[in-house]
Structure formats: structure tokens, C-alpha cells
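This briefing concerns one protein chain, shown below as sequence and structure. Selected positions come before the overall fold, the nonpolar cores and the aromatic pairs.

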Amino acid sequence: VQTIDRTFEEIQVLETAAHFLKRVSKSAHQPAIKLCAEKKATELRVLFLKECQMARNDFDEFHQLPPLRINEPPFAGPALWAAALSINLKTKWNAVCEATSDIKFDDNVEVVHNELQETLSTFQTQKYEDWLGTFSDFDYSQLQQRLELPILRKLEKANNDRSISSRKIESNFDNSLLSILSETAFWEKLNSDKFIIPIQLLGLSQQQEHLFELRELINIVVRAYNDLVHDLNGTERIYIDHLKELDRKFRPAFNKIYWSSKPVVIENFVQNLLADIRGFHREVREFHRTLRAIKGQCKIISETRLINCSSIGNKNCEQMSFEKHQEEKQSEGRLTIVECHRRIILETNV
């Protein structure tokens with residue numbers, strides 16, 4: 001009995017405690033051990049009651065603004081959060097019931113659990129109904145038209161903004177369509193007969209995986225190009241011909257290639273474009289690396305002195321010694337300048 005007490009006290013996880021109690025109950029033959037098992041069963045239900053209370057506190061505190069991940073939508077996201085609380089409680093309750101099935105209890109633990117499950121279920125249903133309410137004035141016939149957009153667009157720029165940053169681009173995926181795709185994907189994760197995707201959205205939801213993949217592919221191009229533009233800042237005139245050629249290759253993405261285009265067309269276009277961007281970017285980075293190296297050598301040259309100033313004004317310094325000091329300083333300075341020049345030549349010949 002003491003061993004059972006000590007072991008039970010050391011267990012922190014409810015499911016583990018339930019599993020241990022189940023093993024003890026099955027092997028209990030002596031009255032003292034049976035009595036101890038019944039006592040621990042009561043303690044287990046009290047422990048589960050505390051779990052319910054913590055879940056209730058979490059729900060009461062966060063149900064208006066649940067802790068969502070960055071990609072979770074505003075309706076299905078909270079429903080998934082509530083579903084996770086529900087599943088966690090159900091798992092623990094099942095473990096408790098299995099461990100204490102041979103014992104009758106006169107408490108309200110099951111009532112508390114059922115009421116909390118009902119609260120979580122109602123919350124999920126309300127979020128689902130709120131989401132459906134957003135389609136009250138929605139024109140489903142325009143869904144496909146929202147895919148008839150070019151895959152890229154240029155960032156809006158201020159009037160007369162001619163800086164290199166004004167060349168930046170972004171994905172041209174319709175935001176409302178993205179919201180619908182995200183919501184349908186997460187409602188499907190709930191895998192419940194209560195949360196049925198509207199039949200008008202089924203055609204679109206069947207494309208969601210393909211569209212998400214294309215969007216991610218386009219975002220890779222956007223990041224690669226915008227990083228290139230950022231690194232060009234201040235040197236764009238050197239690469240004016242390169243930029244014009246790259247703009248020519250980008251042109252179809254702004255007026256000819258749409259989200260509804262064949263996937264193979266978009267993928268081939270993106271892969272070719274990425275290769276051009278990355279090759280161009282390597283050249284730009286190498287230029288800036290070389291420029292920094294040359295500036296470093298020039299700084300060393302500018303700071304190199306050809307006169308030994310410590311000898312000037314020294315009354316005790318003889319004429320011969322003074323000239324010798326200056327010659328040594330000039331020789332040392334010339335060696336430094338020649339070495340810097342050599343390194344500059346090496347950098348420019350890479």
C-alpha cells in the first residue's frame with residue numbers, strides 16, 4: 001500500500017496515473033490493496049476535475065481572442081483551438097473511466113466534463129455559423145474570376161518616387177480568395193459532419209493545395225527579386241542593361257500569366273525566372289564584396305604616412321639620424337601602398 005501511495009504521488013501526468021491505477025486494480029486481491037485502489041480512484045477523479053477547471057479557465061480567458069498560430073484563419077482557427085481543448089479532455093476522461101470502471105462514484109465530475117464539452121462544441125458551432133454569415137452577400141459566380149489575375153504586381157509607390165525600392169514587387173493573389181481557401185482548409189481539418197463546406201466552394205477547395213503551392217512558389221520569386229533590389233541600392237545605374245533585360249523577362253507575369261493558367265506554364269516560367277534572378281544577384285553580391293575590399297585597401301593607403309613625425313622638433317635628433325628615420329618611414333609606407341595596390345588589382349581581376 002505504501003508503495004502504491006508513493007508511486008501515485010510521484011506521477012504528474014493524469015493518463016499515466018490512470019494507467020498505473022488500472023494495473024493496480026486488476027491485480028488487487030487483498031482488501032487493503034482494493035481499498036487503496038478505490039481511494040486513488042477518487043483522487044484521480046479529483047485530479048481530472050482540476051484539469052477541467054484549468055481548461056475552463058483557459059477558455060474563459062482566451063475565447064474572445066484565442067492564441068492562434070500565424071497562419072490560422074479568424075473563424076476556423078478559434079474552432080480548432082476549442083477542438084484541441086475538447087480532444088485533450090476527452091482523452092483524459094476516457095483514461096479515467098477506463099481505470100475506474102469497476103467503481104461507483106457519487107460525484108459531479110462527469111457532469112462538469114459534459115457541460116464543458118457542450119460549451120466547447122457550442123463555441124465551435126458559433127464560429128462556423130459566423131463564417132457562413134460572411135457569405136450572405138457573396139457572389140459565388142465571381143470565384144473563378146478572382147483567379148483571372150496576373151500572378152505579380154508592382155508595389156504601389158509614392159508620387160515621383162524613382163528610387164530603386166520603387167521597383168519592388170508582390171504576389172497578386174486575391175486576398176479574399178486566400179481567406180476562403182485558408183478557412184476551408186482548416187474547417188476540413190476538424191473532420192466533423194457538423195462543419196460542411198458550402199457546395200459552392202467545393203470546386204475551389206479542390207484546388208486549394210495546388211493554389212497554395214503556386215502561391216508559395218510565386219512568393220519565392222518575390223523574395224528573391226526584392227532581395228536583389230535591396231542589394232542594388234546605390235549601384236542600379238551600373239546594372240541598367242541587366243535590369244532592363246530582367247524587366248523584359250518579368251513582363252508576362254504582370255499581364256499574361258494568370259493564377260488560372262496551367263500549373264506547368266507557371267512553374268516553368270518561375271523556375272527560369274529564379275535562375276536569372278539568382279545569377280544576377282550573385283554578380284551584384286560579388287561586386288559589392290569587391291567594392292568593400294577596395295575601399296578597405298584605399299582606407300589603408302590614405303592612412304599610411306610617409307613622414308616620421310616623431311623625429312620632427314626633436315632637438316637631440318642629428319641631421320643624419322633624421323634623414324635615416326624619414327627614409328625608413330618612406331620605405332615602409334611604399335611597401336604598404338604597393339601591397340594594397342597589388343590586392344586591389346587581384347580583386348578587380350577576379
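Serine 101 sits in the loop that links α4 and α5. In this predicted model, serine 101 has a relative accessible area of 54% and is therefore exposed, the cut-off being over 50%. Its C-alpha atom lies 9.7 Å from that of alanine 41, although 60 residues separate serine 101 and alanine 41 in sequence.

**Buried positions in helices**

- Alanine 18 belongs to helix α2, which covers residues 14-27.
- With a relative accessible area of 2%, alanine 18 is buried, because the limit for that class is under 20%.
- Apart from residues up to four places away in sequence, alanine 18 touches Leu44, Ala95, Val96 and Ala99.
- Between the C-alpha atoms of alanine 18 and tryptophan 93 the separation is 9.7 Å, and along the chain these two are 75 residues apart.
- Histidine 281 is part of helix α10, and its relative accessible area of 8% makes it buried.
- The contacts of histidine 281, with neighbours within four places in sequence left aside, are Ala224, Asp227, Leu228 and Asp231.

**Loop positions and backbone angles**

- Glutamate 72 is placed in the loop between α3 (31-62) and α4.
- Glutamate 72 counts as buried because its relative accessibility is 14%.
- At 2.9 Å, the side chain of glutamate 72 reaches the backbone nitrogen of arginine 69.
- Gly77 and Phe186 are in contact with glutamate 72 when its neighbours within four places in sequence are set aside.
- Asparagine 191 occupies the loop between α6 and α7 (202-205), and its relative accessibility of 71% places it among exposed residues.
- The phi angle of asparagine 191 is near 50 degrees, which is a positive value in a residue other than glycine.
- Glycine 234, just after α8, also has a positive phi, of about 95 degrees.

**Overall fold and surface**

- Eleven helices and two strands are present in the protein chain.
- Their order along the sequence is α-α-α-α-α-β-β-α-α-α-α-α-α.
- Of the 350 residues in the protein chain, 35% are buried.
- Considering contacts between residues at least 6 apart in sequence, 76% join residues at least 24 apart.
- The protein chain has an accessible surface of about 22,300 Å², and carbon and sulfur atoms account for 51% of that area.
- Helix α8 contains 25 residues, and its span of 36 Å from first C-alpha to last is close to the 36 Å expected at 1.5 Å a residue.

**Nonpolar cores**

- The largest nonpolar core has 51 residues, of which Ile151, Trp187, Phe250 and Ile277 touch the most other members.
- At least two residues of this core come from each of α4 (76-99), α5 (109-133), α6 (175-190), α8 (208-232), α9 (240-255) and α10 (263-302).
- Helix α8 gives the largest share of this core, with eleven residues.
- Isoleucine 151 touches Glu170, Ser171, Asn172, Ile218, Ala253, Ile257, Tyr258, Trp259, Ile266 and Phe269, residues up to four places away in sequence not being counted.
- A second core, separate from the largest, holds 18 residues, including Cys52, Ala82, Ala99 and Phe123.
- As a general tendency, nonpolar side chains in soluble globular proteins are buried together.

**Aromatic pairs**

- The structure contains 18 aromatic pairs.
- The rings of phenylalanine 59 and tryptophan 81 are stacked, because their planes meet at 10 degrees, with the ring centres 6.1 Å apart.
- Since phenylalanine 59 lies in helix α3 and tryptophan 81 in helix α4, the pair ties together parts that are 22 residues apart in sequence.
- Phenylalanine 59 and tryptophan 81 are both buried.
- One aromatic cluster is formed by Tyr128, Trp131, Phe135, Phe138, Tyr140, Trp187 and Phe195.
- Trp187 thus appears in this cluster and also among the members of the largest core that touch the most others.

Conventions:
Residues numbered from 1 in each chain as written. Predicted model: local features only at pLDDT ≥ 70, side-chain atom pairs only at ≥ 80, totals over all residues. Heavy atoms only, no water. Core = buried A, V, L, I, M, F, W, Y, C linked by side-chain atoms within 4.5 Å. Buried < 20%, exposed > 50% of the residue type's maximum accessible area, 1.4 Å probe, protein only. Helix = DSSP H or I, 4+ residues; strand = E, 2+ residues; numbered from the N terminus. Contact = heavy atoms within 4.5 Å. Polar contact = N/O pair within 3.5 Å; in protein donor to acceptor, adjacent residues only side chain to side chain. Areas by Shrake-Rupley, 256 points an atom, 1.4 Å probe, with all protein chains shown as cover. Expected span 1.5 Å × (residues − 1). Phe/Tyr/Trp six-rings, centres within 6.5 Å; stacked < 30°, edge-to-face > 60°.
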